[in-house]
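Got your viewer open? Load the model below and follow along, one selection at a time.

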Amino acid sequence: MIENYVRVSSIKEALEIKALHGAEAGYLAGGTEINRLNTQHPFAVVIDLQDLGLSSIAEDGNGFELGSCVTFQQALDWKSVPAAFADALRYAGSRTLRNSATIGGNIASGRPDSYLLPFLTAAKVRLILADIGSEELEHEESVPIREFAEHSEMYRDSLIVRIVFDKPGRFAASQRFSKSIQGAVSLTAGFGADFSDSDARPLENVRIALGGTGVGNYEGGMVYRLPDIESALSEGVIRTAAELQKAVSEATAAVSDFTGSAEYKKYLAGTAVAQLYSRGLEKAGRGSDL
Ligand SMILES: Cc1cc2nc3c(=O)[nH]c(=O)nc-3n(C[C@H](O)[C@H](O)[C@H](O)COP(=O)(O)OP(=O)(O)OC[C@H]3O[C@@H](n4cnc5c(N)ncnc54)[C@H](O)[C@@H]3O)c2cc1C
């Protein structure tokens with residue numbers, strides 16, 4: 001239960017209060033996760049971020065950056081929002097939720113059924129994190145979202161300040177499967193790659209990220225990747241969409257639950273990743289198979 005609400009006016013103040021209270025304290029962004037019934041984030045102290053100026057979007061020749069408190073709806077309404085990012089933002093089907101839920105809050109929540117993590121992992125975004133050191137000095141570091149997800153314990157006190165999309169030429173997209181737009185998700189799959197003109201190495205930096213109810217490392221939270229298949233694609237060991245579909249289905253760790261059987265989720269994972277791969281190839285002008 002929330003016992004202490006603090007509205008901070010600087011990042012340093014937010015970090016100091018977090019350091020003082022440790023796991024008892026949490027950052028309050030949109031509050032849709034913290035305040036929901038049966039939340040996994042039951043903080044006694046909440047640190048309200050609304051006065052920190054983290055709600056702007058900036059664009060330059062190398063991509064764009066979102067303040068961590070940019071809401072789903074604000075990002076959707078932005079004139080330059082990439083189509084695949086807009087698709088992922090719309091997975092939050094309720095406009096009321098989108099008006100409050102923030103991008104930073106979604107990443108930090110680390111839910112295995114996250115709306116955004118499969119896409120953001122595929123897009124290889126970077127997070128600008130603020131922390132406070134042993135001498136109470138505030139500092140920022142730029143961390144790949146992959147690392148943030150894999151070592152979430154290390155970053156549990158960090159404040160996400162900005163989300164950086166700095167790979168404008170990269171292909172990244174995701175697909176989500178649920179019985180209804182606001183229903184529990186069976187599976188969300190993200191696929192991203194840098195396609196090149198080189199026939200020797202036509203795609204690099206492949207990312208395959210899966211999440212959903214009962215998919216993968218559910219206890220550990222977050223979405224998970226298939227690094228062996230990512231390498232096999234980059235190295236040309238897997239070349240066709242059919243080979244990819246089979247490999248992903250076999251590698252997907254899923255359990256049966258009310259959103260579908262394990263076999264169904266494995267099938268969804270394989271077909272979704274293979275379709276996203278084909279879309280990437282077509283966009284790069286390489287047909288539908290290598
Ligand atoms: C009915 C309902 C259904 C939902 N279904 C889904 C779903 O299917 N998938 C899904 O992904 N989410 C779901 N959510 C949860 C939620 O709406 C989103 O994850 C949302 O993006 C969380 O953002 P927020 O700003 O509201 O976070 P908050 O509730 O404010 O915070 C959530 C967590 O993130 C931390 N945090 C917030 N901002 C930062 C920051 N800048 N830096 C570091 N830590 C931070 C907080 O300390 C807290 O631990 C659902 C919520 C509701 C009410």
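Start by selecting strand 9 and strand 10: the two run antiparallel and are joined by eight bridges. Keep in mind while you look around that this is a predicted model. Show the stretch that connects the pair as well, since strand 9 and strand 10 make a hairpin with six residues between them. For one rung of this ladder, pick Ala-172, which stands opposite Gly-192 in strand 10.

Now add strand 11 to the selection. Strand 10 pairs with strand 11 too, again antiparallel, through seven bridges. To see one of those bridges, label Phe-191 and its partner in strand 11, Ile-208. Is strand 10 largely enclosed or not? Turn on a surface and check: 10 of the 11 residues of strand 10 are buried, so the rest of the structure largely encloses this strand.

Go back to strand 9, which covers residues 171–178, and click on Gln-175. Is this glutamine buried or exposed? Gln-175 has a relative accessibility of 16%, and the cut-off for buried is under 20%, so Gln-175 counts as buried. Its side chain has a polar partner in there: the side chain of Gln-275, at 3.1 Å. Show the other neighbours as sticks and you'll find that Gln-175 also touches Tyr-91, Leu-187, Thr-188, Ala-189, Ala-272 and Leu-276, leaving aside residues up to four places away in sequence.

Next stop, helix 8. Select residues 227–234 and colour the buried ones, which are Ile-229, Glu-230, Ala-232, Leu-233 and Ser-234. What do they pack against? Three strands and two helices are worth displaying here: strand 10 (185–195), strand 11 (203–211) and strand 12 (224–225), plus helix 9 (241–251) and helix 10 (262–283). Before you leave, step just past the end of helix 8 to Gly-236, where phi is positive at about 80 degrees.

Time for the ligand. Select everything around it and you get 30 residues, with Gly-30, Gly-31, Thr-32, His-41 and Thr-102 the closest. Colour that shell by residue type and you'll see 13 nonpolar, 12 polar and five charged residues. Now zoom in on some individual atom pairs. One oxygen of the ligand sits 2.9 Å from a polar backbone atom of Ala-29. Then look for ligand nitrogen: there is one 3.4 Å from an N or O atom in the side chain of Arg-111. At Ile-160 the backbone takes part instead, with an N or O atom 2.8 Å from a nitrogen of the ligand. How much of the ligand does the protein bury? Taken alone, the ligand exposes 980 Å², and 86% of that is buried by the protein.

Switch to cartoon and highlight the elements that give two or more residues to this shell: strand 2 (25–28), helix 5 (103–109) and strand 8 (159–165). Which gives the most? That's helix 5, with four residues.

Last stop: Gly-93, in the loop between helix 3 (83–89) and helix 4 (95–100). Gly-93 is partly exposed, at 28% relative accessible area. Leaving aside residues up to four places away in sequence, Gly-93 touches Arg-98, Ile-181 and Gln-182. Finish with a distance: draw a line from the C-alpha of Gly-93 to that of Leu-137, 44 residues apart along the chain, and it spans 41 Å.

Conventions: Residues numbered from 1 in each chain as written. Predicted model: local features only at pLDDT ≥ 70, side-chain atom pairs only at ≥ 80, totals over all residues. Heavy atoms only, no water. Near = heavy atom within 4 Å. Polar contact = N/O pair within 3.5 Å; in protein donor to acceptor, adjacent residues only side chain to side chain. Areas by Shrake-Rupley, 256 points an atom, 1.4 Å probe, with all protein chains shown as cover. Nonpolar A, V, L, I, M, F, W, Y, C, P; charged D, E, K, R; others polar. Buried < 20%, exposed > 50% of the residue type's maximum accessible area, 1.4 Å probe, protein only. Contact = heavy atoms within 4.5 Å. Pairing = 2+ DSSP bridges.
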